[in-house]
Structures are given as structure tokens and as C-alpha cells.
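Let's take a walk through this chain together. Have your viewer ready, with a cartoon view and a surface view at hand.

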Amino acid sequence: MGKLRTSEIIDNIRNFRTFKGISESEGFYIEVESYVPYMGAAIHAGHKLREEIRPKCILSEFERWQEEDPYTDIFIKNFPIKIIALDSRYEYDLNRPEDSCIYE
């Protein structure tokens, strides 16, 4: 599967083209099979964590996996528009307030 630059993704959307691919940053997968007024998003389905962040994470690999939202991308697999995060929620947490997304 090819990597897509942000400008390519935006151009595809603006021109209502169907497409799929991984962002150039490898942070997410996007697929547009048809244009409808809704989409599916699995914002914490990923597990990828930068090497420089790994030593700062106190959780084991398994504990981190459990805290992420594995397999949530399966719930949206039949949506005609889907975006699936490939990065770990420990890269950035999109649905928790700052005071509850950082473990002491």
C-alpha cells in the first residue's frame, strides 16, 4: 500500500476521488470508497511508538496494548470513509483530558 502526502489526500478529497493509503508520516490509514456525510474513525487503534518515547513509558508492551484501543478499526471496517490511527495513544491521547492521560 502506498504512502500519501497530505497534499495528495487533500487533493483527492477536494476532487471527490476514491483512494486509500497510509499517510507519509505513517500515523494513519485513510480510505474513501464513496463520499457520504459520515465517516468511521478509530483514533487509538494503533500501537506504533517512537523509539525515543519508549523509555518514558512505564507500561509493559502488553499493558500498553491493553490501554490502547486495539481492534477498534474492525468496528468501522465497512464504513465507506474511514481513518485509522496507527500511532499509539501514548504518542498523543485524543479523547482524555491531559490530567488523566499521563500516568505517574
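**From the surface to the sheet**

Start with the surface view: the accessible surface of the chain comes to about 7,100 Å², and carbon and sulfur atoms hold 56% of that. Please keep in mind that you are looking at a predicted model.

Next, colour the residues by burial. The chain has 104 residues, and 33% of them count as buried.

Now select the charged residues. There are 14 positive and 20 negative charges in the chain, and their mean positions lie 6 Å apart.

Switch to the C-alpha trace. Along its principal axes, the trace spans about 45 × 25 × 25 Å.

Turn on the cartoon, and 4 helices and 5 strands come into view. If you follow the chain along the sequence, you meet them in the pattern β-α-β-β-β-α-α-β-α.

Select the strands next. In what order do the 5 strands lie in the sheet? The order is β1-β2-β3-β5-β4, in an open sheet with mixed pairing. Its edge strands are β1 (3-4) and β4 (40-42), each of which pairs on one side only.

Zoom in on residues 19-23, strand β2, and residues 28-32, strand β3: these two pair in the antiparallel sense over 4 bridges. To see one such pairing, pick Phe19, whose bridge partner in β3 is Val32.

Finally, zoom out and show contacts across the whole chain. Taking contacts between residues at least 6 apart in sequence, 57% join residues at least 24 apart.

Terms used: Residues numbered from 1 in each chain as written. Predicted model: local features only at pLDDT ≥ 70, side-chain atom pairs only at ≥ 80, totals over all residues. Heavy atoms only, no water. Buried < 20%, exposed > 50% of the residue type's maximum accessible area, 1.4 Å probe, protein only. Contact = heavy atoms within 4.5 Å. Areas by Shrake-Rupley, 256 points an atom, 1.4 Å probe, with all protein chains shown as cover. Lys, Arg positive; Asp, Glu negative; His and termini not counted. Charge placed at Lys NZ, Arg CZ, Asp CG, Glu CD. Pairing = 2+ DSSP bridges.
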